[in-house]
Amino acid sequence: WSEKGYGFIEFVDGRRAYVHSSACGGEHLAVGESVSAVLAADQVNPGKWQAQSVKRQAAEPTEVIGTVADWRAQGGYGFVHLD
C-alpha cells in the first residue's frame, strides 16, 4: 500500500480493483458506510480493474454496492465488502 493515497477494493465476486482517493472525491471513507463504484478496465494494466466514481449512496444499475470494512485515512485507501 502506498502513502500516496491509493489501494485496492476486493469485491465478493473475486475481482480486485485499484482505487485512488480521488475516485472518492478526495475524501476519506469511514468503516461501515455503504458505497458504490463503477468498475472499469484498468488502462495502465490490461486485464485488471480500477474503481471509479466511488460514492456514499445507493447504486445505479451499472454500480456495485458494498460496505467499507477498513479505511486508512493516512494513505487514502481502504477495503470494501460487497453487500
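## Arg72 and the salt bridge

Arg72 has a relative accessibility of 37% and is therefore classed as partly exposed, since that class lies between the limits of 20% for buried and 50% for exposed. In this predicted model, the side chain of Arg72 forms a salt bridge with that of Asp70, with an N to O distance of 2.7 Å. Asp70 is likewise assigned to the partly exposed class, because its relative accessible area is 22%.

A search covering the whole structure returns one salt bridge.

## Asp42: a buried acidic residue

Asp42 is located in the loop that connects β3 (34-41) with β4 (49-55). The residue is buried but takes part in no salt bridge. Lys48 provides the nearest side chain of opposite charge, at 7.5 Å; this separation does not qualify because a salt bridge requires the side-chain nitrogen and the carboxyl oxygen to be within 4 Å.

A polar atom of the Asp42 side chain lies 3.2 Å from the backbone nitrogen of Asn45. When residues up to four places away in sequence are not counted, Asp42 touches Tyr18, Lys48, Trp49 and Gln50.

## Confidence of the prediction

The average pLDDT of the protein chain is 78, and 76% of the residues score at least 70. Among the elements of the chain, β4 has the highest mean pLDDT, 88, whereas strand β1 (residues 6-10) has the lowest, 75.

Predicted coordinates should not be read in detail where pLDDT is low.

Notes
Residues are numbered from 1 along each chain as its sequence is written. This is a predicted model: local features need pLDDT of at least 70, side-chain atom pairs count only at pLDDT 80 or more; totals for chains, interfaces and linings use all residues. Side-chain values use heavy atoms; hydrogens and water are left out. Helices (H or I, at least four residues) and strands (E, at least two) are DSSP runs, numbered from the N terminus. Buried means under 20% relative accessible area, exposed over 50%, partly exposed in between (1.4 Å probe, protein chains only). Lys and Arg count as positive and Asp and Glu as negative; His and the chain ends are not counted. A polar contact is a pair of N or O atoms within 3.5 Å; within protein, one must be able to donate a hydrogen and the other to accept it, and residues adjacent in sequence count only if both atoms are side-chain atoms. Contact means heavy atoms within 4.5 Å. pLDDT is the predictor's confidence in each residue, from 0 to 100.
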